[in-house]
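Here are some short exercises on salt bridges, each with a worked solution. Have the model open beside you and try each task before reading on.

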Amino acid sequence: MAEIRFISTAAVVPKNPRGSTTRMELTPWELQFLPHGPIQKGLLFRRPKLLLQEHGFIMGHLKNSLERTLDLFYPLAGRLGTTVNADDDTTCFFISCNGAGVPFIHAAADGFTVGDVLDPVYVPDEIVSSFFPLNGARKNHHGVAEPLLAVQVTELVDGIFIGCTMNHVVADGTSFWHFFNSWSEISRGSDMISRYTPIFERGYMPVRIPQSALVFSGLPSSPTRERVFHFRKETIAGLKAKANAETATDRISSLQALLAHFWRSVTRNRRLPEDQETTYMLQIGMRSRVDPPLPEQYFGAAVQAGIVTMKVGELLHLGLGRVAWKMNEMISTFTEEEASKFCESWAKNPRPVLPREMVVSNALMASSSPRFNVYGNDFGWGWGRPVAVRSGGGNKCDGKTTIFEGSEEGSIDIEACLSPSTLEAMMEDAEFMNAVTL
């Protein structure tokens, strides 16, 4: 097993921040993530055979372009701040835009190759986790003393891995990839980003959280392994057509059909009693579901958890279409009214949901989205597009699934963290594996 060798660490700060805000209040959507781990996502690049630039040049280029990107995303260089209210024993959290800096870590995985990441059936999670900064038992509320964003660039024998750890209170997946996409575009030489400049303003008053609600605990521990399942565009289209045909509708989406197919296989191979309940928790993006919709430029976290629950027997015997339709029905309940109700209720009675409360027996949890631009991140030094995306160890447990766009147009990857016995059984499940591209 290769070991990580740390070469240097530098604090990157915005030189000319494009804003004057010094304090940003946090919304209930954001504060709910205080007990959870940060977002950890990274991209793997293969070194071209003919390369003029040395690693020293590339590291300097990445650091300089990160500095320019932070001019636009300047709150990420800050820290969480707190105001303790002695009158009612509560605490208010906010983002302090103090420019404390973003750690930029240069590391090397001596003897480790791109193939060592891509070729194994299972993700080599120990080494991949070491490609990310701020590992360990860190949670988002630690952002009071620790960076809201940290970057680690790890050299491999024939490639590099760019890993980012971002506090989940500050951003959801949409905003995480907004930052990553902007950084790669600025690294390619753009003076301005083509997508949109982030907007950080919020119309919320400080939320007072009782001290009794700030006692946090971590995820339960159990043996797991990880595997990335790849589904081609044509296969997904077939699952969607089947699901819609079985329910005489055209409203089931490609992702709903694919996740229903995945859920049925996991449940089948967990060998659960048919009278037990099983759940799938999805993160529902709320930006377009409020009235008026949040602007495209909004940077922050704007998601709510939606849960689909079925009896195991129903899930396995009612067919793909019925399962996908249950997901569709659940998602449709997340209206503007539901968004307002959630935020108003949470602000009156704030209670961050503990990770252990989200991990229900026989459950699956999905994060990220195939809509996020992963493979368009060309940093412009001649290495081209990434060859893979991987996530770090934050928030991993039995049942966690991370959804990414695939490397081919229209394809989808599901990074699954499951018990070893479940994964092994799934790979022998012909109904499931017939849809997987090896």
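Before starting, note that this is a predicted model, in which local features need pLDDT of at least 70, side-chain atom pairs count only at pLDDT 80 or more, and totals for chains, interfaces and linings use all residues. Residues are numbered from 1 along each chain as its sequence is written, and side-chain values use heavy atoms, leaving out hydrogens and water.

**Exercise 1.** Find the salt-bridge partner of Asp88 and describe the surroundings of the pair.

Step 1. Apply the criterion: a side-chain nitrogen of Lys or Arg within 4 Å of a carboxyl oxygen of Asp or Glu. Asp88 pairs with Arg208, with the closest N and O atoms 3.0 Å apart.

Step 2. Place both residues, taking helices (H or I, at least four residues) and strands (E, at least two) as DSSP runs numbered from the N terminus. Asp88 sits in the loop between β4 (79-85) and β5 (90-96) and Arg208 in the loop between α5 (173-187) and β9 (209-210), so the bridge ties together parts 120 residues apart in sequence.

Step 3. Check accessibility: buried means under 20% relative accessible area, exposed over 50%, partly exposed in between (1.4 Å probe, protein chains only). Asp88, at 36%, is partly exposed, and Arg208, at 37%, is partly exposed too.

**Exercise 2.** Are Glu226 and Lys396 buried or exposed?

Step 1. Confirm the contact: Glu226 and Lys396 form a salt bridge, their closest N and O atoms being 3.0 Å apart.

Step 2. Locate the pair: Glu226 belongs to strand β10 (residues 225-231), while Lys396 is in the loop between β14 (388-391) and β15 (400-405), 170 residues apart.

Step 3. Read off the result: both Glu226 and Lys396 are buried.
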